[in-house]
Amino acid sequence: MQAVDQAFLLAFAGVAGTLLGTFVVGVFFYIDSEMHMRLEVSEAADRYQRSSIRWVFTAYSIALFVPLVFAALHPLWGSLAFGLFAVVLLAMTVDCVRRILAKGASGSSRALVANQWISSVVLVLAIILPWALGGWVPPPGAFVPSLLLLLATGFSSTAALIMAQFDATMGMVDEAIANTSPARTGSDRPKR
């Protein structure tokens, strides 16, 4: 296993912090937006979306805090921090899967469903990988592939949430256009 230095861990935490901060700003702009307030979605979809947002926060938090713990403390503390966060993320994954199975939770977005199942599999792999690579007390370098997987999965989950939101708002835009434009009859059509 290749050793990692503190500069790499701090740079990794910086990237994760930037993604987490951007996600937080995006979530608050979405919550405060007029489109969100007017969007009529099912309760199941809203509950899944909230659960998924918590999942992304936690995935980015692992990628932010675990490298910081490794950079500042003994590797045992980093392993414990990763294990603790992994248990929390695993519980959130179970909650997300339970909520997406509810009728109407994914809306019409296949991206959410596919992302949820793929991220669940990747999470199990990310949890097992450090101990498979580094033994009972893995060195910090054994956690890097898992941290990268969690960062990538958090990013793909962010993209899936955004695409699902675009899909939901397109229906509202189409409906608003249909309601504001008069229906054209045969005599109203422009002549060529």
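Which residues are linked in a network of salt bridges? In this predicted model, the network is made up of Arg54, Asp95, Arg98 and Arg99, and a search of the whole structure finds 3 salt bridges. The account below begins with the confidence of the model, turns to the members of the network, and ends with a contact made by a glutamine.

The protein has an average pLDDT of 80, and 76% of its residues reach a score of at least 70. Confidence is highest in helix H4, which spans residues 75-100 and has a mean of 91, whereas it is lowest in helix H2, residues 34-38, where the mean is 54. Where pLDDT is low, the predicted coordinates should not be read in detail.

Side chains of opposite charge can pair when their charged atoms come close. Such a pair is formed by arginine 54 and aspartate 95, whose side chains meet in a salt bridge with an N to O distance of 3.6 Å. Because arginine 54 belongs to helix H3 (residues 43-72) while aspartate 95 belongs to helix H4, this pair ties together parts of the protein that lie 41 residues apart in sequence. With regard to solvent, arginine 54 counts as partly exposed, at a relative accessibility of 38%, whereas aspartate 95 is buried, since its relative accessible area of 15% falls under the 20% cut-off.

Aspartate 95 also forms a salt bridge with arginine 98, in which the closest N and O atoms are 2.7 Å apart. These two residues, aspartate 95 and arginine 98, are both in helix H4 and 3 residues apart, so that about one helical turn separates them. Arginine 98 is exposed, because its relative accessible area of 52% is over the 50% cut-off. A further salt bridge joins aspartate 95 to arginine 99, with 3.2 Å between the closest N and O atoms. Here the two partners, aspartate 95 and arginine 99, stand 4 residues apart in helix H4, and they too are separated by about one helical turn. Aspartate 95 thus takes part in the salt bridges to arginine 54, to arginine 98 and to arginine 99.

Apart from these charged pairs, a contact was examined at glutamine 6, a residue of helix H1 (residues 6-32). A polar atom of the glutamine 6 side chain lies 2.4 Å from the backbone oxygen of alanine 71. Glutamine 6 and phenylalanine 70, although 64 residues apart in sequence, have C-alpha atoms that are 7.9 Å apart in space.

Notes
Residues numbered from 1 in each chain as written. Heavy atoms only, no water. pLDDT = per-residue confidence, 0-100. Salt bridge = Lys/Arg side-chain N within 4 Å of Asp/Glu carboxyl O. Buried < 20%, exposed > 50% of the residue type's maximum accessible area, 1.4 Å probe, protein only. Polar contact = N/O pair within 3.5 Å; in protein donor to acceptor, adjacent residues only side chain to side chain.
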